[in-house]
Amino acid sequence: MAPEMALKQEQLVDLYYQMLRIRKVQLHIESLYHLDEMKTPVHLCIGQEAVAVGVCASLRRHDYVSSNHRGHGHYLAKGGDLKAMIAELYCKETGCSKGRGGSMHLVDTSVGLMGSSSIVGGGIPIATGLGLAIQMKNQDLVSVVFLGDGAADEGVLYESVNFAMLKGLPVVYVHENNRFSVCSHVSARHSGEIVFHSLPEDRLFSRKIDGNSVTDVYEASREAVERARSGMGPSFLECDTYRIRGHAGSGDSPHGYREEGEMCHWQARCPVATFRDRLVTQGLFTEHDMLDMEQRIQEEIEQAFEFARNGAYPREEDLHRYLYHG
């Protein structure tokens, strides 16, 4: 049965809504970043929305998610507060990390978003540790970590997956293969298929997925999450997708290290546009529905940016608050 047939109409429309919301938030950030009011580096996930939405749709509210430097989509898809996220980009006390973390350190524990890390691969051992804690506490939870191409080169990934297999931990490793680590193409760093795809499923459930198909991502991640929740151990999902923008911010152009044909190919496979067209073709979505949805999202975004601008900066006397003293 095709994923579109297995999901109800309202679920399919919601998947589109979540992707469109993430896309429009990213575009709004990009359009205002040059004003230099957001005093934090930003790494946009334009083109990768289907991975965040498809995976998080398979999770429960309190399941754990560990994110990375390109984490806006993960934060929003898991249910993180938009106003608090934008305020964090403006380094305000009302931000989700009290204005102390910026774009690469987003957290909302109320929805299981345990934080993102600016360290490449930094979230991998944390998510593995969360999986161990779940197991030791006998909790009905799952730990998911999103990682990119650069993190797939790091030794900590192999150490963590090995430990998760050894202990049978409820961890799902989601590799967003967007083709580039900064400006280095994946073909310059990997000589072949990643090793985890060669393991038997009783040790590690592994899938390569079209990361631009939100329903394909949802189906694979739902299976991985169900296996983890039932005590069948970890999974590794490789989602083939594409980072349409440069590595960091609107001023970082992807031109110069990418072929024009490659960019055109992936832009034509935009996860938001192609899924919208499928819903319209199936009669599940109309142009009126789309315009109404876009208006609601845009109003929410404008309110979030107004909230961020009006917030106060952290006070100087609070500089040492929230620090860990061992």
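A residue counts as buried when its relative accessible area is under 20%, and as exposed when that area is over 50%. The exercises below apply this to a predicted model.

**Exercise 1. Decide whether Ala304 is buried or exposed, and describe its surroundings.**

Solution.
Step 1. Locate the residue: Ala304 is part of helix α12, which covers residues 287-310.
Step 2. Compare its accessibility with the cut-off. The relative accessibility of Ala304 is 1%, so the residue is buried.
Step 3. List its contacts. Leaving aside residues up to four places away in sequence, Ala304 touches Leu82, Lys83 and Ile86.
Step 4. Relate it to Val186. The two residues are 118 residues apart in sequence, and their C-alpha atoms are 36 Å apart in space.

**Exercise 2. Check the length of α6 against the value expected for a helix, then find where its buried residues lie.**

Solution.
Step 1. Work out the expected span. This is 1.5 Å times one less than the number of residues, so the 15 residues of α6 should span 21 Å.
Step 2. Compare. The end C-alpha atoms of α6 are 21 Å apart, which agrees.
Step 3. Name the buried residues: Gly123, Ile124, Ala127, Thr128, Leu130, Gly131 and Ile134.
Step 4. Look down the helix axis. The buried residues of α6 fall within an arc of 155°, so they line one face of the helix.
Step 5. Turn to the face pointing away from the buried side, where α6 carries the exposed residues Met136 and Lys137.
Step 6. Identify the cover. The elements over the buried residues of α6 include β1, β2, β3, α7, α8 and β4.
Step 7. Go past the helix end: Asn138 follows α6 and has a positive phi, near 55°.

**Exercise 3. Describe helix α9 in terms of its span, its buried residues and what follows it.**

Solution.
Step 1. Helix α9 runs over residues 214-229 and has 16 residues. From first C-alpha to last it reaches 22 Å, close to the 22 Å expected.
Step 2. Among its buried residues are Val214, Tyr218, Ala224 and Arg229.
Step 3. Gly231 comes after α9, with a positive phi near 90°.

**Exercise 4. State the volume of the largest pocket and describe its lining.**

Solution.
Step 1. The volume of the largest pocket is about 310 Å³.
Step 2. Its lining has 29 residues, and those closest to the centre are His69, Val120, Gly148, Asp149 and Gly150.
Step 3. Sort the lining by type: 10 residues are nonpolar, 15 polar and four charged.
Step 4. Assign the lining to elements. At least two residues come from each of α6, β3, α7 and β5.

Key: Residues numbered from 1 in each chain as written. Predicted model: local features only at pLDDT ≥ 70, side-chain atom pairs only at ≥ 80, totals over all residues. Heavy atoms only, no water. 1 Å grid on protein atoms, 1.4 Å probe; cavity = no way out; pocket = protein on both sides within 12 Å on 5 of 7 lines; lining within 4 Å. Points joined across faces, edges and corners; volume = space filled by probe spheres on them. Helix = DSSP H or I, 4+ residues; strand = E, 2+ residues; numbered from the N terminus. Nonpolar A, V, L, I, M, F, W, Y, C, P; charged D, E, K, R; others polar. Buried < 20%, exposed > 50% of the residue type's maximum accessible area, 1.4 Å probe, protein only. Arc of directions from axis to C-beta. Contact = heavy atoms within 4.5 Å.
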